[in-house]
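User: I would like to learn how to read a few features of a protein model. Could you take them one by one, with the general idea and then the case at hand?

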Amino acid sequence: MKLVCTQGELNTHLSLTIHAVPSRPTHPVLANVRLTADAEQQQIRLTAFDLSLGIRTSFPAQVESSGDVALPAKLLNDIVSRLPDGELTLEQDDESYQTTLTSLSGNYTVQGMSVEEFPELPAIEDGKVIQLGSESLLEGLRGTLFATSSDETKQVLTGVHLAVRADGIEFAATDGHRLAVVEALNDADAPAMNLEDGEVFEVTVPAQALRELERTIGKRAAATPLTLSIDEGQAVFEVEDRRLTSRTLDGAYPAYRQLIPREFDNQANLDRRALLSALERIAVIADRKNNIVKFSFDSAAGQVTLGVDAADVGSGSECLPAQISGESLEIAFNVKYVMESLRNLQSTEIQLQLNSATSPVILTPLGGTKMIHLVMPVQIRD
């Protein structure tokens, strides 16, 4: 194998695939990244797979002779990331699997191994297929990933639940204290899919894999189509020259739609940035004690007062103008949960809807993506 590529291209794609290399591989070959050079297509493919998450990327290169070798991922990444900009030449000895990298500054030899034992990425032949714009998918992930659980004993809650329909995908995530739901519409120019009208295919994908998907997609244009193929036990995401595969999570996902009230007695419209800034200031005191912030809605004065009172620490309050309808009431939340929702709603104004001090509050953006964030209140103790 012999090829010429740029340091920048190899470094960019290597830094993506290395995230699918396990830190403690169960088999020596899994600690490697598979480098495939194709002289016919003048292309390099990089593949990494930890048996749960798999990432494959490809990019053009000057390939003089084809080859396929497994190279130690961390060592290769450490070398390439430190090389100067410019062209790199890679030559691999077909018998010893030694691979030499030659750059403007010098050359390095890395001992590779055969790809015979390197596992193939899963492929889906008869699953469900849907196509979305990359931006639609990213909006769904940004609006839900933060609400997934980190508790491995509740494994199904460590992922984002996808309800796939012919017209798009509904993303949902909950950790038991908050819930996030986003509806992303299917690309209008997408080809016909193998889903019947009204048919819903549901699957839960690990949050870790979806965070890597965000990274893998990168700053793709909104019009760039992304294809999702799903089947029992596996999900495959493909966009342009990049592919990510992930196992899916077993278990029934909670019936989250039943948690969302259909009617509300009270609502308030506020400036999102102003509310987030006020919470970030007041959280300095709340974080030191119990993370609880009290919201006092005053419909007559048209304002919301945020208050914290931490014994032996201090207290603080902030007042914000708001358009309020309904009765005046007080309700308290974990300040962290509210701030994380506000950071992911991405709109100028948001609406808070609620019924009582003990019922959940719903946060939605005014305009833009159809998104719902639900936060459970905490009990106010006098």
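**Aromatic pairs and the rest of the fold**

Analyst: This is a predicted model. Start with burial: a residue is buried when its relative accessible area is under 20%. Y253 has 12% relative accessibility, so this tyrosine counts as buried. Y256, at 7%, is buried as well.

User: How are the rings of Y253 and Y256 arranged, in terms of distance and angle?

Analyst: Planes over 60 degrees apart count as edge-to-face. The rings of Y253 and Y256 are 6.2 Å apart centre to centre, with 75° between the planes, and the pair is edge-to-face.

User: Which class does the pair of F295 and F297 belong to, and why?

Analyst: Here the cut-off is the other one: planes under 30 degrees apart count as stacked. F295 and F297 have ring centres 6.2 Å apart and planes at 25°, so this pair is stacked.

User: Are F295 and F297 buried or exposed?

Analyst: The reading is again by relative accessible area. F295 has 1% and is buried. F297 has 6% and counts as buried too.

User: Which residues do ring pairs link into a cluster, and how many aromatic pairs are there in the whole structure?

Analyst: A cluster is read by following ring pairs from one residue to the next. F295, F297 and F333 are linked in this way. The search of the whole structure gives 3 aromatic pairs.

User: What should I read about the chain as a whole?

Analyst: Begin with secondary structure, then extent, burial and contacts. The chain has 26 strands and 6 helices. Its C-alpha trace spans about 80 × 55 × 35 Å along the principal axes. Of the 382 residues, 49% are buried. Among contacts with a separation of 6 or more, 68% join residues 24 or more positions apart. The accessible surface is about 18,200 Å², and carbon and sulfur atoms account for 44% of that surface.

User: How much space lies in the second largest pocket, and which residues lie nearest its centre?

Analyst: A pocket is read by its volume, then by its lining. The second largest pocket holds about 300 Å³ of space. Its lining has 19 residues, with E152, T158, P206, A207 and Q208 nearest the centre. Helix 4 (207-217) and strand 17 (242-247) are the elements that give two or more residues to this lining. Helix 4 gives the largest share, 4 residues.

User: How do the residues of that lining divide into nonpolar, polar and charged?

Analyst: The last step is to sort the lining by residue type. For the second largest pocket, 8 residues are polar, 7 nonpolar and 4 charged.

Terms used. Residues are numbered from 1 along each chain as its sequence is written. This is a predicted model: local features need pLDDT of at least 70, side-chain atom pairs count only at pLDDT 80 or more; totals for chains, interfaces and linings use all residues. Side-chain values use heavy atoms; hydrogens and water are left out. On a 1 Å grid over the protein atoms alone, a cavity is a set of points where a 1.4 Å probe fits but cannot get out, and a pocket is an open set with protein on both sides within 12 Å along at least five of seven lines; lining residues have an atom within 4 Å of a point. Grid points are joined across faces, edges and corners, and a volume is the space filled by probe spheres set on the points. Ala, Val, Leu, Ile, Met, Phe, Trp, Tyr, Cys and Pro count as nonpolar, Asp, Glu, Lys and Arg as charged, and the others, Gly among them, as polar. Buried means under 20% relative accessible area, exposed over 50%, partly exposed in between (1.4 Å probe, protein chains only). Contact means heavy atoms within 4.5 Å. Accessible areas come from the Shrake-Rupley method with a 1.4 Å probe; for residues, only the protein chains shown count as cover. Rings of Phe, Tyr and Trp (its six-membered ring) pair if their centres lie within 6.5 Å; planes under 30 degrees apart count as stacked, over 60 as edge-to-face and the rest as tilted.
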